[in-house]
Amino acid sequence: MEMQVRTLAALAAGVLLAGCGNAVTAAPMPPASRAVPGEVEVRITIARGHVTPPPGRVRVGRGRPVAITVTSDVSDELRVHGHDLNAPLPAGRPVTVRFTPVLSGLLPVETREHRLTLTRLAVG
């Protein structure tokens with residue numbers, strides 16, 4: 001009986017962890033220190049309303065991990081469309097959104113309040 005309880009608990013924990021493929025994490029340390037092997041890294045800076053590098057497309061294979069790190073000079077909210085990911089974007093602090101795209105297509109990455117397009121993920 002005790003073995004069955006432990007097995008069920010382990011299965012439940014595995015199911016819960018498997019459902020956590022999309023993670024939004026504020027990065028208290030440099031994002032590269034937690035990079036996943038094969039992860040596509042995108043770094044973006046917003047200063048005085050200008051996005052660096054200029055918005056473009058980043059090609060990503062479906063199912064390949066992505067880390068988007070944004071540093072802004074004003075507070076806002078970071079949004080990844082298509083995966084319904086949102087993260088607070090405090091002024092002056094880098095924020096990293098990590099997830100694995102499961103949908104194919106063009107996914108805009110934007111700020112909510114200032115409506116800036118930061119990039120587009122071309123997932124396929």
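This is a short talk on the fold, one covered strand and the salt bridges of a single protein chain.

Okay, ground rules before we start. The model is predicted, so to speak of local features we need pLDDT of at least 70, side-chain atom pairs count only at pLDDT 80 or more, and totals for chains, interfaces and linings use all residues. Residues are numbered from 1 along each chain as its sequence is written, and side-chain values use heavy atoms, with hydrogens and water left out.

Right, the overall picture. We've got one helix and 10 strands; those are DSSP runs numbered from the N terminus, H or I of at least four residues for a helix and E of at least two for a strand. Walk along the sequence and the helix is followed by the strands: α-β-β-β-β-β-β-β-β-β-β. Of the contacts (heavy atoms within 4.5 Å) with a separation of 6 or more, 61% are between residues 24 or more positions apart. Of the 124 residues, 30% are buried. Buried here is under 20% relative accessible area, exposed is over 50%, and partly exposed is in between, with a 1.4 Å probe and protein chains only.

Now look at strand S8, residues 95-99. Five of its five residues are buried. On one side you have Val95, Val97 and Phe99, and on the other Thr96 and Arg98, so to speak both faces are covered. S8 runs antiparallel to S5, residues 66-72, with five bridges joining them; strands pair if DSSP finds at least two bridges between them. In that pairing, Ile68 sits opposite Val97.

Hang on to Arg98, though. What does Arg98 form a salt bridge with? Its partner is Glu39, with the closest N and O atoms 3.1 Å apart. The rule for a salt bridge is a side-chain nitrogen of Lys or Arg within 4 Å of a carboxyl oxygen of Asp or Glu. Glu39 is in the loop between S1 (23-26) and S2 (40-47), 59 residues away from Arg98. Both Arg98 and Glu39 are buried.

By that rule the count is three salt bridges, which leaves us some others to visit. Glu41 pairs with Arg43 at 3.2 Å between the closest N and O atoms. Glu41 is partly exposed at 39% relative accessibility, and Arg43 is partly exposed at 43%.

Then there's Arg112 with Glu77, closest N and O atoms 3.8 Å apart. Arg112 is in the loop between S9 (105-111) and S10 (117-123) while Glu77 is in S6 (residues 76-80), so this pair ties together parts 35 residues apart in sequence. Arg112 is partly exposed at 47%, as is Glu77 at 23%.
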